[in-house]
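User: I have a structure open and want to learn how to read its features. Can you take me through them in turn?

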Amino acid sequence: METTEITGLIDLQVNGFGGVDFNDVLLSKADVETACKLLADEDVAGFLPTLITNSFENIEALAAVILSADDSCGAKILGLHLEGPFISPQDGARGAHPPEFIRPPSIDFVKQLQDKTDGKIRIVTFSPEWDNAAIFTEQLRLLGIHPAIGHTSATQEQIEEVVDAGADLSTHLGNGIQPMLPRHPNPIWSQLADDRLAVSLIGDGFHLPREVFQTVLKVKGKKAFLVSDSTKFAGMKPGKYQTHIGGDVILTEQGQLHLEHDNRLLAGSAMSLKQIVQTLVMNGWLSYTDALEMASVRPLEFLNFELL
């Protein structure tokens, strides 16, 4: 695939930025345009606004608002990333996603949303633990959507079934999973071992420890890329905040964002992709060249999208 020259970073998982929350039902077109401008100021050339677990009506309405925005003066909206509602209902694996809206995979749900958005859904993150997950994966591929594994308690067999059916991405591998796991087998090993899966990684220094991050890179090589998983708290001051999704969250002085009731459960990132690149280089986890490639070339190649 040939793409035009990349003039910035490509972020395939952005829940919000600079006080703008893409999952807030009060989201406006002006809010989205503000976020696009702020992301461009952080050297983001293109991104996928990410809609998490919610009702179909709310997801549809939010998608319509996002796609109505004029992004000509900011980061380009490359489509949508649907993260849920087809994820694990188990505490820990579901992260900060609201449990009342979690449901089994429904291709009708996705088709309706794809029709409403003129085919703009690029990635759907779901858990393979549902009985119909493999069939759902095949159907996503027929719609031209990347099926991604995430927020899961799936067994090795369930993961293999969806990869055989066409799943090609592990969403923020190592996160969206129970805090305590068996030594083996477990969903991290299963996804790490399968060469067919690309992986997105949150490199903010909180979501993954250095040894895990670097081990994933050794195994996945050029199939690993960076995402921010940024929330509206990226760019905001430390403190306690109330959210409509995860309840009360804490943004620490160090930049970690976690649920108030359990600091092991992160509530997304409070860093831009540019800040993640800088953090990885400053801490010696990656060279600047490798970090930049993981935040620009590789995600764009995975998405198979020509940046116009």
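Analyst: Start with the pocket, and keep in mind that this is a predicted model. The largest pocket holds about 970 Å³ of space.

User: Which residues lie closest to the centre of the largest pocket?

Analyst: The lining has 50 residues, and the closest to the pocket centre are Gly174, Asn175, Gly176, His207 and Leu266.

User: Which elements give two or more residues to that lining?

Analyst: Helix 6, helix 7 (210-220) and strand 15 (262-266) do.

User: How do the lining residues of the largest pocket divide into nonpolar, polar and charged?

Analyst: The lining has 21 nonpolar, 23 polar and six charged residues. Glycine is counted as polar here.

User: Next, the backbone. What is the general idea for phi and for peptide bonds?

Analyst: Most residues other than glycine have a negative phi, and most peptide bonds are trans. Now look for departures from that.

User: Which peptide bonds are cis?

Analyst: One is the bond from Gly84 to Pro85, with omega near 10°. Pro85 sits in the loop between strand 6 (80-83) and helix 3 (107-116). Another is the bond from His184 to Pro185, with omega near -5°. Pro185 is in the loop between strand 9 (169-170) and helix 6 (187-193).

User: And phi? What is the sign of phi at Asp43?

Analyst: Positive, at about 70°, although Asp43 is not a glycine. Asp43 lies in the loop between helix 1 (29-41) and strand 4 (44-52). With a relative accessible area of 39%, Asp43 is partly exposed.

User: What about His172: is it buried or exposed?

Analyst: His172 is buried, at 2% relative accessibility. Its phi is also positive, about 30°, and it is not a glycine either. His172 is found in the loop between strand 9 and helix 6. Pro185 has its place in that loop too.

User: Now contacts. With which residues is Gly284 in contact, leaving aside its neighbours within four places in sequence?

Analyst: Arg210 and Gln214. Gly284 itself is in the loop between helix 8 (273-282) and helix 9 (288-294). Gly284 counts as partly exposed, at 40% relative accessibility. For a sense of distance, take Gly46, which is 238 residues from Gly284 along the chain. Their C-alpha atoms are separated by 26 Å.

User: On to aromatic rings. What describes a pair?

Analyst: Two values: the distance of the centres and the angle of the planes. In this model the count comes to eight aromatic pairs.

User: Show me a stacked one.

Analyst: Take Phe22 and Phe47: 6.1 Å centre to centre, 20° between the planes. An angle under 30 degrees counts as stacked. Phe22 lies in the loop between strand 3 (20-21) and helix 1, and Phe47 lies in strand 4, so the pair ties together parts that are 25 residues apart in sequence. Both rings belong to buried residues.

User: And an edge-to-face one?

Analyst: Phe126 and Phe136 are 5.2 Å apart centre to centre, with 80° between the planes. Over 60 counts as edge-to-face. Phe126 is in strand 7 (residues 121-126) and Phe136 in helix 4 (residues 133-142), 10 residues apart.

User: Is this pair buried or exposed?

Analyst: Buried. Phe126 has a relative accessible area of 0%, and Phe136 is at 1%.

User: Which residues do ring pairs link into a cluster along with Phe126 and Phe136?

Analyst: Phe56, Phe86 and Phe109 join them in the cluster.

User: Last, cysteines. How many disulfides are there?

Analyst: Zero. The cut-off is sulfur atoms within 2.5 Å. For Cys36, the nearest cysteine sulfur is that of Cys73, 10 Å away.

User: Why do Cys73 and Cys36 not form a bond?

Analyst: Because 10 Å between the sulfurs is too far for a bond, and Cys36 holds the closest cysteine sulfur to that of Cys73.

User: Are these two cysteines buried or exposed?

Analyst: Cys36 counts as buried, at 1% relative accessibility. Cys73 counts as exposed, at 67%.

Definitions and conventions
Residues are numbered from 1 along each chain as its sequence is written. This is a predicted model: local features need pLDDT of at least 70, side-chain atom pairs count only at pLDDT 80 or more; totals for chains, interfaces and linings use all residues. Side-chain values use heavy atoms; hydrogens and water are left out. Helices (H or I, at least four residues) and strands (E, at least two) are DSSP runs, numbered from the N terminus. Buried means under 20% relative accessible area, exposed over 50%, partly exposed in between (1.4 Å probe, protein chains only). Contact means heavy atoms within 4.5 Å. On a 1 Å grid over the protein atoms alone, a cavity is a set of points where a 1.4 Å probe fits but cannot get out, and a pocket is an open set with protein on both sides within 12 Å along at least five of seven lines; lining residues have an atom within 4 Å of a point. Grid points are joined across faces, edges and corners, and a volume is the space filled by probe spheres set on the points. Rings of Phe, Tyr and Trp (its six-membered ring) pair if their centres lie within 6.5 Å; planes under 30 degrees apart count as stacked, over 60 as edge-to-face and the rest as tilted.
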